[in-house]
Amino acid sequence: MGTVEPQIAAADAKAQTADGFKLVIDALKLNGIDTIYGLPGIPITDLTRRAQAEGLRVLAFRHEQNAGYAASIAGFLTQKPGICLTVSAPGFLNGLNALAHATVNCFPMILISGSSEREIVDLQQGDYEEMDQLAIAKPVAKAAFRVLHAEDIGVGIARAIRAAVSGRPGGVYLDLPAKLFAQSIDAELGKKTLIKVVDAAPKQIPAPEAVKRALDLLRSAKKPLIILGKGAAYAQCDTEIRALIEKTGIPYLPMSMAKGLLPDTHEQCASAARSFVLPGADVVMLVGARLNWLLSHGKGKTWGGKAAKDWGGQKFIQIDISPQEADSNVRIDAPVVGDIGSCVSALLSGIGSNFAKPPSEWLNAVSEKKNANIAKMGETLAKNPSPMNFHSALNVVRDIVKANPDAMFVNEGANALDFARSIVDMYKPRKRIDVGTWGIMGVGMGYCVAAAVVGKGPVIAVEGDSAFGFSGMEVETICRYNLPVCIVIMNNNGVYKGTDKDPTGRDPAPTVFVKGARYDKLMEAFGGVGVNASTPAELRKAMEEAIRSGKPTLINAVIDETAGTESGRITSLNPTAGKKK
Ligand code: ADP
Ligand code: TZD
Ligand code: MG
C-alpha cells in the first residue's frame, strides 16, 4: 500500500494541472475557433496534435505562407480570426507575408508562432531559430502580443481576437515562446484565467448628422454611382445592401471581391460600363471600398480628370469603419463612419420609401453603354479559336460558375485574373476570392483549402501558370484532405505570355517557362484527377466531371502563348512598358 499511495497522489496532481498547450487550445475553443491552418515543428508540434485530439480541425500545409493565406481568407469569409500556426524564425517569416496581406486587405487573422527562449534571444546568444519575432511582426500587423506566463494565455488570446476583428479588421501576431507550453498551472485556476470575449466586433453606429449629410448629397446627384468593396462583402449585411441599391435605383459597381454581393447580372450592375460611369458620375458613394490604386486614387483620367493627378469633379460619400480613411486620396464630402450594417440601415431609414430614382438620361446612358459592351463581349466569347485563348476558355468557366452559383471561385494571375474578373459573373456574396489589395501571386492553393473547409462545397480556381507555381505544392494538401477543388491552370507558358526570348540566346527569357508543361501530372502524383484540355469542349467536360465527382482535380488548359498582354490590365503601372508608349 505504502508504495502505491505516492503514485496515486502524483496522478491526482497531474490531473489537476493544466499546461500551456491545453490553455491555448481551451482559450481558442472557448472563443468559437474551430480550425487551425499551420505547419508543425519545434515548439508547436504537440500543439497541433493536441488541438486535433481536442476536436479542432488542424489543416497541415507544405509551406506556412499558404497556411497563412488560408487563415486570412477564412477570416474574411467567417468574420472570425483565421488562425495560422507556425514554428519559430523561418516558419514565422514564411507566415509573415500572409499576416501583412491580412492587415492590408482588412481581413481578421491571428498568426501564432512559437519562439525561442527570451533570455537567449535578447542577448543574441544564438538559440535554435533565434529571432526577435515580435519586433519584426509589429510593422506589418494591426497588433502584436507576447505571452510569457501560462496564466496570461487567456488575456493574450482575448486581446488577439479583439484586435483582429474589431474596427477595421487586420492581422494580429501572437508570440508564444517554447517555455510557455510546458508551464503548468493548477487546472481550476487556469480555467478561471481564460476569457470568452464579449462582443468582439462591436457595432459602430454612424452619427445622424453624417447620415443626413450623405443623403443630402445623394439626393442632389444627377449621375450617382455606388461602389461596393470587399468591406461591404465582409460585413455580411447583404439584404440591407441590396435594399439600398434597389430602393435608390442607383447604378453600382462591385469591386473584385464584392462581385456577387448582388448578382452580376442585376440590371443596376454597371461593371460592363466601368469606363463610362467612373468619369461620368457626379456623386459617388463608396461602401467598404478604398480609393486606392484599384480605383485610380479617385482622380486622373479614369475619373475624367485632365491629367494623371487631376480631380474629375466627383463628390464622394464614403462609408467605412475607419475614421482615418476619408481624404486619403481626394476630398470626401460626406464621410459616414461606422460598421457597414449600421450605416446602410441608417441610410435606408433616412431614404424611406419615396427616394427619387436618378434621372433617366443617366440610367439610359449607362445601360446603353453596358448593353453595347456586353454584346461586344458576347461576340468575342462565341469565337472558338485554335489554340484556345483566354476568352474561349473562360467562356466555359463562366457557364460552369453560372450552373454552380454556390461554388467558391478562387482567381489569381495577370491575364488569367483580369479576364476572369470581367468574363465570369458571380451570383452570390463572398464567392469570389482573389489577389486582393496588393495583387499578389501565391494566394491560390491556400485560398482553395480554406474555401473548401469554410464553404463546405465545391471550389473552382482559375490560376495563371505563373501564379499557380507560388503555391503549387499544396495540391498534395488538397488531395490529402480530399477537398472538392477543381483547379484550372491557364497555361500560356509563362508570365503574361510565353513568347519572350533572351536576346543573347543563352537562357530562357525571365518571363517564360518550360513549353507545353503538364501541370495535370502534378495532381496525379498525389491521387487526384489530372486532365489536359486543349479545347473548350475538353475543358467543359473535365470541369463538369470535377464538380460532379467532388474529387480534387487539376485541368491544364492549354492557352495560346501569344494571347496575353504584359501586366494584364495594369500595363500603365509598369515603368518599362509605360516608357515605350
Ligand atoms: P476593395 O479592394 O474591394 O475596394 P478595400 O479593401 O479597399 O476594398 O476596402 C475595404 C474597406 O472596408 C476598408 O477601408 C475597411 O476599413 C472597410 N471595412 C471593412 N469591414 C468593415 C465593416 N464591417 N464596416 C465598415 N467598413 C468596413
Ligand atoms: N510576386 C508576387 C508575390 N506577386 C506578384 N504580383 C508578382 C510577383 C508579379 N506578377 C504579377 O503581378 S502577375 C504575375 C507576376 C509574377 C504572374 C502572371 O503570370 P500568370 O498569368 O501566368 O500567372 P497570365 O495569365 O500569364 O498573365
Ligand atoms: Mg501565364
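This report describes a pocket, a metal site and one strand residue in a predicted model.

**The second largest pocket**

The second largest pocket has a volume of about 240 Å³. Its lining consists of 15 residues, and those nearest the centre are Asp34, Thr35, Tyr37, Thr78 and Val454. Four elements each contribute at least two lining residues: the strands β2 (35-38) and β4 (82-86), and the helices α4 (64-78) and α19 (444-455). Sorted by class, the lining of this pocket has seven nonpolar residues, four polar ones and four charged ones.

**The magnesium site**

The magnesium ion (ligand 3) has protein donors from Asp465 (OD), Asn492 (OD1) and Gly494 (O). These donors lie 2.0 to 2.1 Å from the ion. Along the sequence, the donor residues follow the spacing D-x26-N-x1-G.

**Buried residues**

Two of the magnesium donor residues, Asn492 and Gly494, are listed below together with Val58, a residue of strand β3 (residues 57-60).

| Residue | Relative accessible area | Class |
|---|---|---|
| Val58 | 12% | buried |
| Asn492 | 3% | buried |
| Gly494 | 2% | buried |

Val58 counts as buried because its relative accessible area of 12% falls under the 20% cut-off.

**Around Val58**

Which residues is Val58 in contact with, leaving aside its neighbours within four places in sequence? They are Ile36, Thr48, Ala51, Gln52 and Tyr481. Gly249 is 191 residues from Val58 along the chain, and the C-alpha atoms of the two are separated by 46 Å.

Key
Residues numbered from 1 in each chain as written. Chains lettered and ligands numbered in written order. Predicted model: local features only at pLDDT ≥ 70, side-chain atom pairs only at ≥ 80, totals over all residues. Heavy atoms only, no water. 1 Å grid on protein atoms, 1.4 Å probe; cavity = no way out; pocket = protein on both sides within 12 Å on 5 of 7 lines; lining within 4 Å. Points joined across faces, edges and corners; volume = space filled by probe spheres on them. Nonpolar A, V, L, I, M, F, W, Y, C, P; charged D, E, K, R; others polar. Buried < 20%, exposed > 50% of the residue type's maximum accessible area, 1.4 Å probe, protein only. Contact = heavy atoms within 4.5 Å. Donors = N, O, S within 2.8 Å, 3.2 Å for Na, K, Ca; no water.
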